[in-house]
Amino acid sequence: MASTPRIVIIGAGIVGTNLADELVARGWNSITVLDQGPLNMPGGSTSHAPGLVFQTNASKTMATFAKYTVEKLLSLTEDGVSCFNQVGGLEVATTETRLADLKRKLGYAASWGIEGKILSRDECKELYPLINEEDILGGLHVPSDGLARAAAQSNC
């Protein structure tokens with residue numbers, strides 16, 4: 001007898017596949033995920049910032065969601081290799097206004113339980129040696145940010 005999907009998710013990018021995974025973890029079945037093309041060239045949300053996971057957000061909901069995403073990705077491995085490269089995030093400021101914004105973002109991060117620190121230009125250079133420290137005033141570093149391994153790199 002042919003099975004009819006109970007749930008159809010449009011889009012096999014990061015949002016669609018994670019939604020399917022979350023539903024399965026909660027006991028749902030008969031789920032179909034559709035996408036417009038080959039999975040190595042996804043569209044939708046995945047193409048906007050493939051693999052980047054920055055957790056700091058003024059919205060507690062979005063920050064909590066991103067923090068949960070990091071925890072989930074850290075739990076996934078393929079052939080003993082993590083599916084998340086937790087290299088940390090660094091946002092830099094070239095103006096006083098942007099530096100003030102990064103200080104506000106640090107406040108959001110602290111409020112939502114995400115560790116971060118404002119770095120001097122020299123500390124930014126130490127963290128990322130290729131940066132031209134003459135162009136920046138400082139930066140926001142969130143050590144738990146990172147990069148999810150893309151489908152083209154693995155089966156994660």
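Here is a short walk from one aspartate out to two sheets.

This is a predicted model, with local features needing pLDDT of at least 70 and side-chain atom pairs counting only at pLDDT 80 or more, while totals for chains, interfaces and linings use all residues. Residues are numbered from 1 along each chain as its sequence is written, and side-chain values use heavy atoms, leaving out hydrogens and water.

Start by selecting Asp 145, in the loop between strands S9 (138-142) and S10 (146-148); strands here are DSSP E runs of at least two residues, numbered from the N terminus. Asp 145 is buried but has no salt bridge, and Lys 105, the nearest side chain of opposite charge, is 8.0 Å away. Buried means under 20% relative accessible area (1.4 Å probe, protein chains only), and a salt bridge puts a side-chain nitrogen of Lys or Arg within 4 Å of a carboxyl oxygen of Asp or Glu.

Next, add Gln 55: its side chain makes a 2.9 Å polar contact with that of Asp 145 (N or O atoms within 3.5 Å, one able to donate a hydrogen and the other to accept it).

Now show S10. It belongs to an open antiparallel sheet ordered S3-S10-S6. S3 (52-53) and S6 (84-85) are the edges, each with a single partner strand, so one side of each has no neighbour in the sheet. Pairing takes at least two DSSP bridges, and S3 and S10 have two. Look for Val 53 opposite Gly 146.

Finally, go to S9, in the open antiparallel sheet S7-S9-S8. S7 and S9 pair over five bridges, with Ala 93 opposite Gly 138.

Technical notes
Helices (H or I, at least four residues) and strands (E, at least two) are DSSP runs, numbered from the N terminus. Buried means under 20% relative accessible area, exposed over 50%, partly exposed in between (1.4 Å probe, protein chains only). Lys and Arg count as positive and Asp and Glu as negative; His and the chain ends are not counted.
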